[in-house]
Amino acid sequence: MKETIRIIIIVLLFVVLFLVRAFEDQLFYDPLNSYFQNDYLYKKIPQLDRWNLLLHLFYRYTINSLISLAIIYMVFRNKKIIKFSQLFFTVAFLLLIISFSFSLRNNLEGGYLFTFYIRRFLIQPLFLLILLPAFYYHKKL
């Protein structure tokens with residue numbers, strides 16, 4: 001594949017990630033989004049449909065992960081890196097969703113920051129920002 005076509009595809013994949021973020025309110029159920037944007041220090045956690053929230057977090061994480069895997073593949077073109085990334089995304093999701101579920105079940109008693117940051121890792125493609133430089137550094141060694 002020509003280098004310019006690969007770069008265009010990578011840019012388009014990043015645009016899709018931005019579009020997922022831009023249309024998050026229309027695509028996903030997440031009452032915590034408005035809760036964490038406003039007076040979360042002074043208000044109680046809003047009423048949630050926990051199963052629906054967890055299902056939509058799964059959808060969003062899956063979409064972001066698939067796009068991230070496509071970006072990683074287009075950058076490195078290495079199936080071993082993709083297999084490792086798939087395993088990493090799966091294990092990270094399991095650990096994060098279990099932690100998030102327990103935090104919600106306890107009504108954020110451990111503090112809102114813990115839940116806030118766990119949710120950030122679930123809804124944003126932060127692992128892409130971690131894995132890309134790590135694989136690049138590993139490739140340069």
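A patch, in these exercises, is made of residues with over 30% relative accessible area and no salt bridge, and nonpolar side chains are joined into it when they lie within 5 Å. The structure shown above is a predicted model, and every exercise below refers to it.

**Exercise 1. The nonpolar patch**

Find which residues make the nonpolar surface patch, and which helix gives the most to it.

*Solution.* Begin with the members: Ile7, Val11, Val15, Leu19, Phe23 and Leu27 make a nonpolar surface patch of about 520 Å². Next, turn to the helices, where helix H1, which covers residues 3–22, gives the most to the patch, with four residues. As a check on one member, take Val15, whose place is in helix H1. Val15 has a relative accessibility of 38%, and therefore counts as partly exposed, since that class lies between the 20% limit for buried and the 50% limit for exposed.

**Exercise 2. The overall build**

Describe the helices and strands of the protein, its extent and its surface.

*Solution.* Counting the elements gives seven helices and zero strands, and read from the N terminus on they run α-α-α-α-α-α-α. For the extent, the C-alpha trace spans about 55 × 30 × 25 Å along its principal axes. The accessible surface comes to about 9,300 Å², and 66% of this belongs to carbon and sulfur atoms. Turning from the surface to the interior, 39% of the 141 residues count as buried. Finally, consider the contacts between residues at least 6 apart in sequence: 71% of them join residues at least 24 apart.

**Exercise 3. Helix H5 from end to end**

Work out whether the span of helix H5 agrees or disagrees with what its 27 residues should give, and then examine what lies at its two ends.

*Solution.* The first step is the expected span, which is 1.5 Å times one less than the number of residues. For the 27 residues of H5 (residues 79–105) this gives 39 Å, and because the end C-alpha atoms are 39 Å apart, the two values agree. The second step is the N-terminal end, which Asn78 caps by placing a side-chain oxygen 2.9 Å from the backbone nitrogen of Lys80. The third step is the other end, where Asn107, just after H5, takes a positive phi of about 55°. Along the helix itself, the buried residues include Ile81, Phe89, Phe93, Ile97 and Leu104, and Ser85 and Ser103 are also among them.

**Exercise 4. A network of salt bridges**

Trace how Arg21, Glu24 and Arg60 are joined, and explain why the pair of Arg60 and Glu24 ties together parts of the chain.

*Solution.* Start with the total, which is four salt bridges. One of them is formed by Arg21 and Glu24, with the closest N and O atoms 2.9 Å apart. Of these two partners, Arg21 is partly exposed at 37% relative accessibility, whereas Glu24 is buried with a relative accessible area of 8%. The side chain of Glu24 also meets that of Arg60 in a salt bridge, at 2.7 Å from N to O. Since Arg60 lies in helix H4 and Glu24 in helix H2 (residues 24–27), this pair ties together parts that are 36 residues apart in sequence. Arg60 itself counts as buried, at 4% relative accessibility. Salt bridges with shared partners thus join Arg21, Glu24 and Arg60 into one network.

For comparison, look at Glu3 and Arg6, which form a salt bridge with their closest N and O atoms 3.5 Å apart. Both residues lie in helix H1, three residues apart, about one turn of the helix. Arg6 is buried, with a relative accessible area of 15%.

**Exercise 5. Two buried polar residues**

Decide whether Asn64 is buried or exposed, do likewise for Tyr35, and name what Asn64 contacts.

*Solution.* Asn64 lies in helix H4 (residues 50–76), and its relative accessibility of 5% is the reason why it counts as buried. Once its neighbours within four places in sequence are left aside, Asn64 is in contact with Leu17, Val20, Ile123, Gln124 and Pro125. Tyr35 lies in helix H3 (residues 31–37), and it too is buried, with a relative accessible area of 9%. As a last step, the C-alpha atoms of Tyr35 and Ile45 are separated by 7.3 Å, although these residues stand ten places apart along the chain.

Conventions:
Residues are numbered from 1 along each chain as its sequence is written. This is a predicted model: local features need pLDDT of at least 70, side-chain atom pairs count only at pLDDT 80 or more; totals for chains, interfaces and linings use all residues. Side-chain values use heavy atoms; hydrogens and water are left out. Patches are made of residues with over 30% relative accessible area and no salt bridge: like charges are joined within 9 Å, nonpolar side chains (Val, Leu, Ile, Met, Phe, Trp, Tyr) within 5 Å. Accessible areas come from the Shrake-Rupley method with a 1.4 Å probe; for residues, only the protein chains shown count as cover. Buried means under 20% relative accessible area, exposed over 50%, partly exposed in between (1.4 Å probe, protein chains only). A polar contact is a pair of N or O atoms within 3.5 Å; within protein, one must be able to donate a hydrogen and the other to accept it, and residues adjacent in sequence count only if both atoms are side-chain atoms. Contact means heavy atoms within 4.5 Å.
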